[in-house]
Amino acid sequence: MGAMGTTTAGGTYTAKLIDGPLEGKTLQAALDGSEPQGRIEIPANDRGKRYIYRRAEISEFAPDSGAPSAVDYRYFGADFS
């Protein structure tokens, strides 16, 4: 999990995990067009378990472009498939 970042020319933003098993962690995510991803799946182990987080709200915008630079995500559940 990376440190907080800002939107870049490559279309990334910081996803802030605000609850659940990864509460307080951040990671870089790619924009889906000009929008933050609605759902993020994070591998939890090497047996297929993934934590699923859903977008809550955009918490920061880049001052130069107005694009999202930080987005809050809430824990939705785990997928064991």
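This report walks through the fold of one protein chain, one buried residue and several charged pairs.

## The chain at a glance

Welcome to a predicted model. The chain has 81 residues, and 36% of them are buried. Its secondary structure is quickly listed: there are five strands and zero helices. Read from the N terminus, the elements follow the pattern β-β-β-β-β.

Two further values help to set the scene. The chain exposes about 4800 Å² of surface, with carbon and sulfur atoms supplying 49% of that area. Among contacts in the chain with a separation of 6 or more, 45% come from residues that are 24 or more positions apart.

## How the strands line up

Now to the sheet. Five strands form an open sheet in the order 2-1-5-4-3, and their pairing is mixed. At the edges sit strand 2 (26-30) and strand 3 (39-43), each of which pairs on one side only. On average, neighbouring strands of this sheet are turned by 40 degrees against each other, direction ignored.

One pairing is worth following in the structure above. Strand 1, covering residues 12-17, runs parallel to strand 5, covering residues 68-79, and four bridges join the two. If you would like a place to start, look for Ala-15: its bridge partner in strand 5 is Val-71.

## A buried tyrosine

Strand 5 also holds Tyr-73. Is this residue buried or exposed? Tyr-73 has a relative accessible area of 0%, and because the cut-off for buried is under 20%, Tyr-73 counts as buried.

What surrounds this tyrosine? A polar atom of the Tyr-73 side chain lies 2.5 Å from the backbone oxygen of Gln-37. Arg-55 is another residue to look for: its C-alpha is 4.4 Å from that of Tyr-73, although the two are 18 residues apart in sequence.

## Charged pairs across the chain

Side chains of opposite charge can pair when their charged atoms come close. How many salt bridges does a search of the whole structure find? The search finds seven.

One of them brings together the side chains of Lys-16 and Glu-60, with an N to O distance of 3.9 Å. Lys-16 belongs to strand 1 and Glu-60 to strand 4 (residues 50-61), so this pair ties together parts of the chain that are 44 residues apart in sequence. Glu-60 is partly exposed, at 35% relative accessibility. Another salt bridge joins Asp-19 and Arg-74, whose closest N and O atoms are 3.0 Å apart. This pair also links distant parts of the chain: Asp-19 is in the loop between strand 1 and strand 2, while Arg-74 is in strand 5, 55 residues apart. Arg-74 is partly exposed, with a relative accessible area of 44%.

## A shared network

The last stop is a group of linked charges. Arg-39 and Glu-41 form a salt bridge in which the closest N and O atoms are 2.8 Å apart. Arg-39 counts as partly exposed at 35% relative accessibility, and Glu-41 is partly exposed too, with a relative accessible area of 37%.

Which residues are joined into one network by salt bridges that share partners? They are Arg-39, Glu-41, Arg-50 and Asp-79.

Notes
Residues are numbered from 1 along each chain as its sequence is written. This is a predicted model: local features need pLDDT of at least 70, side-chain atom pairs count only at pLDDT 80 or more; totals for chains, interfaces and linings use all residues. Side-chain values use heavy atoms; hydrogens and water are left out. Two strands pair if DSSP finds at least two bridges between them. Axes are lines fitted to C-alpha atoms, for helices over the stretch in contact, and angles run from 0 to 180 degrees between N-to-C directions. Buried means under 20% relative accessible area, exposed over 50%, partly exposed in between (1.4 Å probe, protein chains only). Contact means heavy atoms within 4.5 Å. Accessible areas come from the Shrake-Rupley method with a 1.4 Å probe; for residues, only the protein chains shown count as cover. A polar contact is a pair of N or O atoms within 3.5 Å; within protein, one must be able to donate a hydrogen and the other to accept it, and residues adjacent in sequence count only if both atoms are side-chain atoms. A salt bridge is a side-chain nitrogen of Lys or Arg within 4 Å of a carboxyl oxygen of Asp or Glu.
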